[in-house]
Amino acid sequence: MLALISFCSVSLPRHWAKSRLLAAALVVFATAPAMAQDTAPSLQPGTMQARVAACTACHGAQGRAGADGYYPRLAGKPQEYLYHQLLNFRDDRRQYRPMAHLLAGLPDAYLHEMAAYFAGQHVPYPPPARVDVPGATLEAGRRLALSGDAARGLPACASCHGASLGGLLPAIPGLLGLPRDYISSQIGSWKSGQRRAATPDCMADIANKLTPEDIGALTAWLSSQPVADTYGPEPAGSLHLPAECGSQAQR
């Protein structure tokens, strides 16, 4: 789970955060030995790898994604996106108790450094999982992702996340290379209010217009797409977003 870490020049919380991170890492590795064996880096004291050990125990070595098919990839996502999500977990806009507990009280500068570490990790994507759905379902998902549905006020995913769906700097993530269950659960969290962003919350507005059939089709198509070697976020300012999104305001 995205947890603690980064040691910047913040003096008062430095030793507290270090001891808390170490304790979290020990708990994670003690309770999940099989996962720890697969993902544990060389824990040299003082290295960033050691500082994010509690993160990679769930999110995989270098943040390449959890082995259980649910914990998402962190590696290579835009730094500002990762930073905003850490803020959202800490400040109760995203609801996941382990993350909120681990991040409680950590200052912004720590979270920004941790986000920078994972944004700088570039590791290969695995082949996409096979999705056993009818071709018509995949086609419906493709249309929503690339064209949207103007009649229902649904913009294409590509209009914000880029033509290759690799994201947009500084803070919009890519949509490929994610497990289907994870994508579906996040859309559900926006619909239920368990996941929120700064207002105006454009993703919540979009999620609330999606039907269960839309979600099934969209998540099936997105999760079944291969990821090209050149996959990554587009430059800042290269897209005109179809809606105002509070999550894109800089903090």
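This is a short dialogue on reading disulfides, aromatic pairs and backbone features in a predicted model.

Colleague: Start with the cysteines. What is a disulfide?

Modeller: A disulfide is a covalent bond between the sulfur atoms of two cysteines. In this predicted model, the count comes to one disulfide.

Colleague: Which cysteines form the disulfide, and how far apart are their sulfur atoms?

Modeller: Cys202 pairs with Cys245, and the sulfur atoms are 1.9 Å apart. The torsion about that S-S bond is about 120°, so the disulfide is right-handed. The bond links distant parts of the chain. Cys202 belongs to helix α11, while Cys245 is in the segment after α12 (212–223). The two are 43 residues apart.

Colleague: Are Cys202 and Cys245 buried or exposed?

Modeller: Both Cys202 and Cys245 are buried. Cys202 also has buried company in α11, namely Ala204 and Ala207. The buried residues of this helix pack against α10.

Colleague: Why is Cys160 not bonded to Cys245?

Modeller: Distance. The closest cysteine sulfur to that of Cys160 is in Cys245, 5.4 Å away, and that is too far for a bond. The cut-off is 2.5 Å. Cys160 is buried, with a relative accessible area of 12%.

Colleague: And Cys55: how far is the nearest cysteine sulfur?

Modeller: For Cys55 that sulfur is in Cys58, 9.0 Å away. Cys55 is in no disulfide. Its relative accessibility is 0%, so Cys55 counts as buried.

Colleague: On to the rings. How is an aromatic pair described?

Modeller: By the distance of the ring centres and the angle of the planes. The structure holds four aromatic pairs. One of them joins Tyr70 and Tyr71, with centres 5.9 Å apart and planes at 80°, so the pair is edge-to-face. The cut-off for that label is over 60 degrees.

Colleague: Which of these two tyrosines is buried, and which is partly exposed?

Modeller: Tyr71 counts as buried, at 16% relative accessibility. Tyr70 counts as partly exposed, at 33%.

Colleague: What is the geometry of the rings of Tyr70 and Tyr182?

Modeller: Their centres are 5.7 Å apart and their planes are at 70°, so this pair is edge-to-face. Tyr70 lies in the loop between α4 and α5, and Tyr182 lies in helix α10, so the pair ties together parts that are 112 residues apart in sequence. Tyr182 counts as buried, at 8% relative accessibility. Together, Tyr70, Tyr71 and Tyr182 form one aromatic cluster.

Colleague: Charges can also sit over rings. Where does the charged end of Arg73 sit?

Modeller: Over the ring of Tyr125, 3.5 Å from the ring centre.

Colleague: Now the backbone. Which residue has a positive phi in the loop between α4 (53–59) and α5 (79–90)?

Modeller: Gln62, which is found in that loop. Its phi is near 60°, a positive value in a residue other than glycine. At 29% relative accessibility, Gln62 counts as partly exposed. Leu165 also is not a glycine, and has a positive phi of about 60°. Leu165 lies in the loop between α9 and α10. At 2% relative accessibility, Leu165 counts as buried.

Colleague: Last item: cis peptide bonds. What is omega from Leu169 to Pro170?

Modeller: Omega is near 10°, and the bond is cis. Pro170 lies in the loop between α9 (158–161) and α10 (180–192). The bond from Thr199 to Pro200 is cis too, with omega near -5°. Pro200 lies in the loop between α10 and α11 (202–209).

Conventions
Residues are numbered from 1 along each chain as its sequence is written. This is a predicted model: local features need pLDDT of at least 70, side-chain atom pairs count only at pLDDT 80 or more; totals for chains, interfaces and linings use all residues. Side-chain values use heavy atoms; hydrogens and water are left out. Helices (H or I, at least four residues) and strands (E, at least two) are DSSP runs, numbered from the N terminus. Buried means under 20% relative accessible area, exposed over 50%, partly exposed in between (1.4 Å probe, protein chains only). Rings of Phe, Tyr and Trp (its six-membered ring) pair if their centres lie within 6.5 Å; planes under 30 degrees apart count as stacked, over 60 as edge-to-face and the rest as tilted. A charge sits over a ring if NZ of Lys or CZ of Arg is within 6 Å of the ring centre and within 35 degrees of the ring normal. Contact means heavy atoms within 4.5 Å.
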